[in-house]
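Colleague: I'd like to learn how to read the pockets in a protein model. Could you take me through one?

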Amino acid sequence: MREFRRVVTGHDENGKAIIESDQIAGQFLERPNRPGVRLTNFWLSDGTPAEYDGPTETCTGDFILHPPANGSVFRCVEFQPEDPEVIKTLDGASAFAEMGAAANIVEGARHPFMHRTDSVDYAMVITGEIWMLMDDEKDDVHLKAGDVVIQRGTNHAWSNRGTETCIIMFVLNDGVTRRDAQGAERVGIPRRLE
């Protein structure tokens, strides 16, 4: 699996721009419940607006799928080609539970890793290709290097049906269905009134 160099800038005591950290990103997650997939966190912001004079290292603690409340997470996910026969035997709920997100899995979906988060996610395929699976197969999208997705709180799964590794860069932003929604209608799948 790939390692990523992460450079973090900052300021010295005189306000001069400096490099505060230049090292391999150290917070990653690989798990047997989702073989062939590695998530690497680069930066977490626990609020908005994001702080640029805070800690140099924000990727500490447990590795959680969703972004912090009112915050964001910058990460990449590496997907090796998957074997459909192996995928059918895996327990998506257990894999997501390891990221604090057991409730995010879509039960009974056509792929064991179909999930959703209450977030707006910006994604760009860096290398390889992958299928983004939606609720209905007719809506599935084949993505290649350079393609961009804005994932807006929808059910989805990632399926690498190709022969090479796919790496996707993500920024997950904590979100609500609509800022003017009230109570329980601020999260979950938006209700569409006929």
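Modeller: Sure, let's go through the pockets one at a time. This is a predicted model, where local features need pLDDT of at least 70, side-chain atom pairs count only at pLDDT 80 or more, and totals for chains, interfaces and linings use all residues. Residues are numbered from 1 along each chain as its sequence is written, and side-chain values use heavy atoms, with hydrogens and water left out.

Colleague: What is the volume of the largest pocket?

Modeller: On a 1 Å grid over the protein atoms alone, a pocket is an open set of points where a 1.4 Å probe fits, with protein on both sides within 12 Å along at least five of seven lines; lining residues have an atom within 4 Å of a point. Volume is the space filled by probe spheres set on the points, which are joined across faces, edges and corners. Here the largest pocket comes to about 740 Å³. It has 25 lining residues, and Arg152, Gly153, Val176, Thr177 and Pro190 are the closest to its centre.

Colleague: Which strand gives the most to that lining?

Modeller: Strands are DSSP runs of E, at least two residues, numbered from the N terminus. β6 gives the most to the largest pocket, with 3 residues.

Colleague: And how many residues of the second largest pocket's lining are nonpolar, polar and charged?

Modeller: Ala, Val, Leu, Ile, Met, Phe, Trp, Tyr, Cys and Pro count as nonpolar, Asp, Glu, Lys and Arg as charged, and the others, Gly among them, as polar. The second lining has 9 nonpolar, 5 polar and 4 charged, while the largest pocket's has 6, 9 and 10 in that order. β1 brings the largest share of the second lining, 6 residues.

Note on methods:
Helix = DSSP H or I, 4+ residues; strand = E, 2+ residues; numbered from the N terminus.
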